[in-house]
Amino acid sequence: MLETIEQTKQQFLLDLSQSDTLDKLEQLRIAYLARSGRIAALFEGLKSASVADKPVLGKSLNELRSFAQSQFEARKSELDGASKPKETSIDLTLPGRPRPIGTKHPVMQSMEEMKRIFVSMGFSIASGPEIESDYYNFGALNFPPDHPARDMQDTFFISKDVLLRTHTSPVQIRVMEKQKPPVRVIMPGRVYRNEAISARSLVMFYQIEGLYVDKGVTFSELKGTLVSFAKQFYGSNSKYRFRPSFFPFTEPSAEMDITCYICSGKGCRVCKYSGWLEIVGSGMVHPNVLKNVGYDPELYTGFAFGFGVERPTILRHGIDDIRLLYENDVRFLRQF
Ligand code: DAH
């Protein structure tokens, strides 16, 4: 009988090794461990054993039963674990995967710095529509009806009278129509020009417009404001100069240049070997413009200025093609 017990054990182990699903394992349990199973049958046979043999046989049968029971349990928990969802294997203490966070676009970085400088000088911020009427974009700004800037070549017309604004100057008119002097605002925004796209020009770009109107505003205040801005934005070492210019909405008009900060004024490709970079158009608000918004030009004077944001941005970062700014290549944008 001892031999039968040993054979049963070997057979059990063999069957166990083939029980690779919970179903098969259950069959195994029924075959060996259940009340009518093979081990129970062996216990049954113990009754007919001799009194002398009983203790030894009883002991080894007991051992077989507990051995089979514990092997069965171990196998069961193994199979149980495998059939459960994997969640028990998630390590909650692992750090999360970082998601890439975008950076501010270089043009917006310049804009914010420019705005900050003017706000610190007492300017507030206003904005106006990008789709404008001919009146705000040109007429109210003292452009004569036949002025070449109105030409189809420069302006995106939506209809005869409606267009995409070509500059932020129309916002001057909108602000003055709503507000009595003193007015001291900057007006940032997008503008559109129907021009060929190149390394130096885009059809959409940002401008910042400035306007200060009050009793007794002078040209020297215009100069002081622009020089102070330039020193803060471009650095205190840069030199500047004012050149006479022409804009229909200012009289007199001037453009301000700063020393080229690529070559420090020695002359290079960027400044076209002049040593100077043109950075802003400006002037004293034309009396006709003041009249158009109902301000008395005998009582009030003012200055205005306007400049693009993209060019200073590319110069500052040494970018040689303005189009890169809007290609949205993250390898480019990540650098700022
Ligand atoms: N609007 C002009 C342009 O887009 C820039 C400008 C020049 C704005 C003189 C002004 C100004 O306010 O006074 O070229």
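**Close-up 1. Polar contacts between the ligand and the side chains of Glu-209, Arg-193 and Ser-169.** In this predicted model, an oxygen atom of the ligand is found 2.6 Å from a polar side-chain atom of Glu-209. The side chain of Arg-193 places an N or O atom 2.9 Å from an oxygen atom of the ligand. For Ser-169, the partner is a nitrogen atom of the ligand, 3.0 Å from a side-chain N or O atom. Taken on its own, the ligand has 350 Å² of accessible area, of which the protein covers 89%.

**Close-up 2. The shell of residues around the ligand.** The ligand is surrounded by 15 residues, and the closest are His-167, Ser-169, Arg-193, Gln-207 and Glu-209. Sorted by class, the shell comprises nine polar, four nonpolar and two charged residues. At least two residues of the shell come from each of the following elements: α7 (169-178), β5 (204-214), β8 (276-285) and β9 (301-308).

**Close-up 3. Strand β4 and the strands that pair with it.** Strand β4 spans residues 183-192, and eight of its 10 residues are buried, so the rest of the structure largely encloses this strand. Strand β1 (residues 124-125) pairs with β4 in the parallel sense over two bridges; here Ile-125 stands opposite Ile-186 of β4. The pairing of β4 with β5 is antiparallel and extends over 10 bridges, with Tyr-192 opposite Met-204 in β5. Strand β5 thus appears in two of these views: β5 pairs with β4, and β5 also supplies at least two residues of the shell around the ligand.

How values were computed. Residues are numbered from 1 along each chain as its sequence is written. This is a predicted model: local features need pLDDT of at least 70, side-chain atom pairs count only at pLDDT 80 or more; totals for chains, interfaces and linings use all residues. Side-chain values use heavy atoms; hydrogens and water are left out. A residue is near a molecule or strand if one of its heavy atoms lies within 4 Å of it. A polar contact is a pair of N or O atoms within 3.5 Å; within protein, one must be able to donate a hydrogen and the other to accept it, and residues adjacent in sequence count only if both atoms are side-chain atoms. Accessible areas come from the Shrake-Rupley method with a 1.4 Å probe; for residues, only the protein chains shown count as cover. Helices (H or I, at least four residues) and strands (E, at least two) are DSSP runs, numbered from the N terminus. Ala, Val, Leu, Ile, Met, Phe, Trp, Tyr, Cys and Pro count as nonpolar, Asp, Glu, Lys and Arg as charged, and the others, Gly among them, as polar. Buried means under 20% relative accessible area, exposed over 50%, partly exposed in between (1.4 Å probe, protein chains only). Two strands pair if DSSP finds at least two bridges between them.
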